[in-house]
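Welcome, and thanks for taking a look at this one with us. Have the sequence and the viewer open side by side, and let's walk through the fold together.

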Amino acid sequence: MFEIDDMELDNVTGGAVGPADPSPTATGGVTYKCPNCGAVIYASTRDMSVTCPNRKCMSTFNVRKGRLIACSL
């Protein structure tokens with residue numbers, strides 16, 4: 001039987017990057033703090049929307065002028 005460890009599973013499911021190892025982006029990186037739960041959101045400067053990496057939160061925000069705007073459903 002094939003087993004997968006947690007590190008491999010994070011890569012498969014697109015798991016969040018830890019604060020000690022933010023992923024570099026080709027367009028420049030920026031960090032936001034989720035206003036709902038306080039988690040750090042790593043994003044590219046070109047991203048128009050971001051999703052909180054906290055699996056209990058998963059809030060989605062639009063990015064306008066460097067600010068997070070909550071998406072309405």
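## Starting at Cys71

Where does Cys71 lie relative to strand S5 (67-70)? Cys71 is found in the segment that comes after this strand. Please keep in mind throughout that this is a predicted model.

Cys71 is partly exposed, at a relative accessible area of 33%. Once neighbours within four places in sequence are set aside, Cys71 has Thr60, Phe61 and Asn62 as its contacts. Phe61 sits 10 residues away from Cys71 along the chain, and the C-alpha atoms of the two are separated by 5.2 Å.

## The chain as a whole

Let's step back for a moment. The chain has one helix and five strands, and read from the N terminus the elements run α-β-β-β-β-β. Of the 73 residues in the chain, 14% are buried. The exposed surface comes to about 5,900 Å², with carbon and sulfur atoms supplying 53% of it.

What share of the contacts between residues at least 6 apart in sequence joins residues at least 24 apart? For this chain, that share is 18%.

## The hairpin of S1 and S2

Strand S1 (residues 29-33) pairs with S2 in the antiparallel sense, and five bridges hold the pairing. Within it, Tyr32 stands opposite Ile41 of S2. The hairpin made by these strands has six residues between them, and Gly38 takes a positive phi near 90° there.

## The sheet of S3, S4 and S5

The other strands to look at are S3, S4 and S5, which form an open sheet in that order with antiparallel pairing. Its edge strands are strand S3 (49-51) and S5, each of which pairs on one side only. On average, neighbouring strands in this sheet are turned by 40° against each other, direction ignored. As a reminder, strands of a sheet pair through backbone hydrogen bonds, either parallel or antiparallel.

S3 and S4 run antiparallel and are joined by three bridges. If you would like one pair to find in the viewer, try Ser49, whose bridge partner in S4 is Asn62. Asn62 has also appeared above, as one of the contacts of Cys71.

## The nonpolar core

Which residues make up the largest nonpolar core? There are eight: Tyr32, Cys34, Ile41, Ala43, Val50, Cys52, Phe61 and Val63. Strand S2 (40-44) and strand S4 (60-64) each supply at least two residues of this core.

Val50 is a helpful place to stand while looking around. Not counting residues up to four places away in sequence, Val50 touches Ile41, Ala43, Ser59, Thr60, Phe61, Val63 and Leu68. Among these, Ile41, Ala43, Phe61 and Val63 are listed as members of the core along with Val50.

## Cysteines and the disulfide count

How many disulfides does the chain contain? The count comes to zero. Cys52 is in no disulfide, and the nearest cysteine sulfur, that of Cys37, is 3.6 Å away. Cys52 is buried, with a relative accessible area of 1%.

Why is Cys57 not bonded to Cys34? The closest cysteine sulfur to that of Cys57 is in Cys34, but at 3.8 Å it is too far for a bond, because a disulfide requires sulfur atoms within 2.5 Å. Cys57 counts as partly exposed, at 22% relative accessibility.

## Two positive phi values in loops

Two residues deserve a look in your Ramachandran plot. Met58, although not a glycine, has a positive phi of about 55°, and its place is in the loop between S3 and S4. Met58 is partly exposed at 44% relative accessibility, and it touches Thr51, Cys52 and Pro53, leaving out residues up to four places away in sequence. The C-alpha atoms of Met58 and Cys37 are separated by 9.5 Å, with the two residues 21 apart along the chain.

Lys65 also is not a glycine and has a positive phi, near 55°. You will find Lys65 in the loop between S4 and S5. Is Lys65 buried or exposed? Lys65 is exposed, with a relative accessible area of 86%.

Terms used:
Residues numbered from 1 in each chain as written. Predicted model: local features only at pLDDT ≥ 70, side-chain atom pairs only at ≥ 80, totals over all residues. Heavy atoms only, no water. Helix = DSSP H or I, 4+ residues; strand = E, 2+ residues; numbered from the N terminus. Buried < 20%, exposed > 50% of the residue type's maximum accessible area, 1.4 Å probe, protein only. Contact = heavy atoms within 4.5 Å. Areas by Shrake-Rupley, 256 points an atom, 1.4 Å probe, with all protein chains shown as cover. Core = buried A, V, L, I, M, F, W, Y, C linked by side-chain atoms within 4.5 Å. Pairing = 2+ DSSP bridges. Axes fitted to C-alpha atoms, helices over the stretch in contact; angles between N-to-C directions.
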